[in-house]
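Me: I would like to learn how to read some features of a structure. Where should we start?

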Amino acid sequence: MPEITRLSGGCDWIDLDFVERERTPRSAMKLGIQLHVAGLSLSNTISILDKLGVTRSRKAVHDWVQKADLQLDGGANPEQVAVDESVIRINDQQYWLYAAVDPSTNHFLHIRLFSTYTTAVTEIFLRELREKHDVDDTLFLVDDADWLQTALQRHGLDFRYERHGNRNSVERIFREIKRRTSSFSNCFSHVDPSTAETWLHTFAVWHNATN
């Protein structure tokens, strides 16, 4: 799996401030989070940890990811931003993952999970993006989704319809997310949307740190 080849970048991107007890070595906790987000199932992750002398349950690794609650950094000033949304299935229901990506770095700038896609929801996403980054003079690269273009117009943001070119960056990242979330049938089963969104935020932080 290509994601696993990116495990050599270290674990400095993982913040363990949530840890109150030292029951598990921090290095093992970081490795467990990294392995799972990079592409291993929870079962395979705990198997590797067990070989290293750290015996923990699938739930423990799941809880590490959730409690770390990693978030993307702010303060970027990109020249262009590719924006799109894609369907994510949670417990056999559809949710829409919105993502903004800097095509010059292929880094996530902001992601959010919503239960629908509308102009109002898109405006929420854009407002949060503007609060995190300096994008008022940025050119947004979009597809032909009416709700996205309308929301950008309402915010007074410049945009350009683009099917290929730099907008391909967000499409590639969405494919990577879909490949990862569909690798194991239980990835987003028996969880609520907020739990899935926390995992997706962790994935985005890992993606930025390893690209």
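Reply: Start with accessibility: buried means under 20% relative accessible area, exposed over 50%, and partly exposed in between. The model here is a predicted one. At 34% relative accessibility, Y117 therefore counts as partly exposed.

Me: What are the relative accessible areas of W96 and W147, and how do they count?

Reply: W96 has a relative accessible area of 13%, so it is buried. W147 has 23% and is therefore partly exposed.

Me: How do I read an aromatic pair, and how many are there?

Reply: Rings of Phe, Tyr and Trp pair if their centres lie within 6.5 Å; planes under 30 degrees apart count as stacked, over 60 as edge-to-face and the rest as tilted. The count by this rule is six aromatic pairs. In one of them, W96 with Y117, the ring centres are 4.8 Å apart and the planes stand at 45 degrees, so this pair is tilted.

Me: Where do W96 and Y117 lie?

Reply: W96 belongs to strand β2 (residues 93–102), while Y117 is in the loop between β3 (107–114) and α4 (119–132). The pair therefore ties together parts that are 21 residues apart in sequence.

Me: What is the geometry of the aromatic pair of Y117 and W147?

Reply: That pair is tilted as well, with 4.5 Å centre to centre and 55 degrees between the planes. W147 lies in helix α5 (residues 146–154) and Y117 in the loop between β3 and α4, so the pair ties together parts 30 residues apart in sequence. W96, Y117 and W147 form one aromatic cluster.

Me: Next, helix packing. At what angle do the axes of α3 and α7 cross?

Reply: For a pair of helices, read the approach of the axes and then the angle; 65 to 115 degrees counts as roughly perpendicular. The axes of α3 (residues 58–68) and α7 (residues 193–209) come within 9 Å and cross at roughly 75 degrees. That angle makes α3 roughly perpendicular to α7.

Me: Which residues make the contact, and how do they divide by type?

Reply: On α3 the contact is made by H62, V65 and Q66, and on α7 by T195, T198, W199 and T202. The residues of this contact divide into two nonpolar, five polar and no charged.

Me: Which residues of helix α2 are buried, and where do they fall around the axis?

Reply: The way to read this is to look down the helix axis and check the arc that the buried positions take up. In α2 (residues 42–51), L42, T45, I46 and L49 are buried. Seen down the axis of α2, its buried residues fall within an arc of 90 degrees, so they line one face of the helix. These buried residues pack against α1 (26–38) and α3.

Me: K51 is also in α2. Is K51 buried or exposed?

Reply: K51 has 71% relative accessibility and so counts as exposed. Its C-alpha is 16 Å from that of H36, and the two residues are 15 apart in sequence. After α2 comes G53, whose phi is positive, near 90 degrees.

Me: What should I expect of phi in residues other than glycine?

Reply: Most residues other than glycine have a negative phi. N91 has a positive phi, near 55 degrees, and is not glycine. D92 is not a glycine either, and its phi is positive at about 65 degrees.

Me: Where do N91 and D92 lie, and how accessible are they?

Reply: N91 is in the loop between β1 (80–90) and β2, and D92 is in the loop between β1 and β2. N91 is at 34% relative accessibility and so counts as partly exposed. D92 has a relative accessible area of 68%, so it is exposed.

Me: Last, contacts. With which residues is L97 in contact, leaving aside its neighbours within four places in sequence?

Reply: A contact list is best read together with burial. L97 lies in strand β2 and has a relative accessible area of 1%, so it is buried. Leaving aside neighbours within four places in sequence, its contacts include I88, I111, L113, F174, I177 and L200, and also D84, E85 and R112 among others.

Me: And which residues does D136 contact under that exclusion?

Reply: With neighbours within four places in sequence left aside, D136 is in contact with R130 and L157. D136 is found in the loop between α4 and β4 (139–142), and its relative accessible area of 40% makes it partly exposed.

Terms used. Residues are numbered from 1 along each chain as its sequence is written. This is a predicted model: local features need pLDDT of at least 70, side-chain atom pairs count only at pLDDT 80 or more; totals for chains, interfaces and linings use all residues. Side-chain values use heavy atoms; hydrogens and water are left out. Axes are lines fitted to C-alpha atoms, for helices over the stretch in contact, and angles run from 0 to 180 degrees between N-to-C directions. Helices (H or I, at least four residues) and strands (E, at least two) are DSSP runs, numbered from the N terminus. Angles under 35 degrees count as roughly parallel, over 145 as roughly antiparallel, 65 to 115 as roughly perpendicular and the rest as oblique. Contact means heavy atoms within 4.5 Å. Ala, Val, Leu, Ile, Met, Phe, Trp, Tyr, Cys and Pro count as nonpolar, Asp, Glu, Lys and Arg as charged, and the others, Gly among them, as polar. Buried means under 20% relative accessible area, exposed over 50%, partly exposed in between (1.4 Å probe, protein chains only). The arc is that of the directions from the helix axis to the C-beta atoms.
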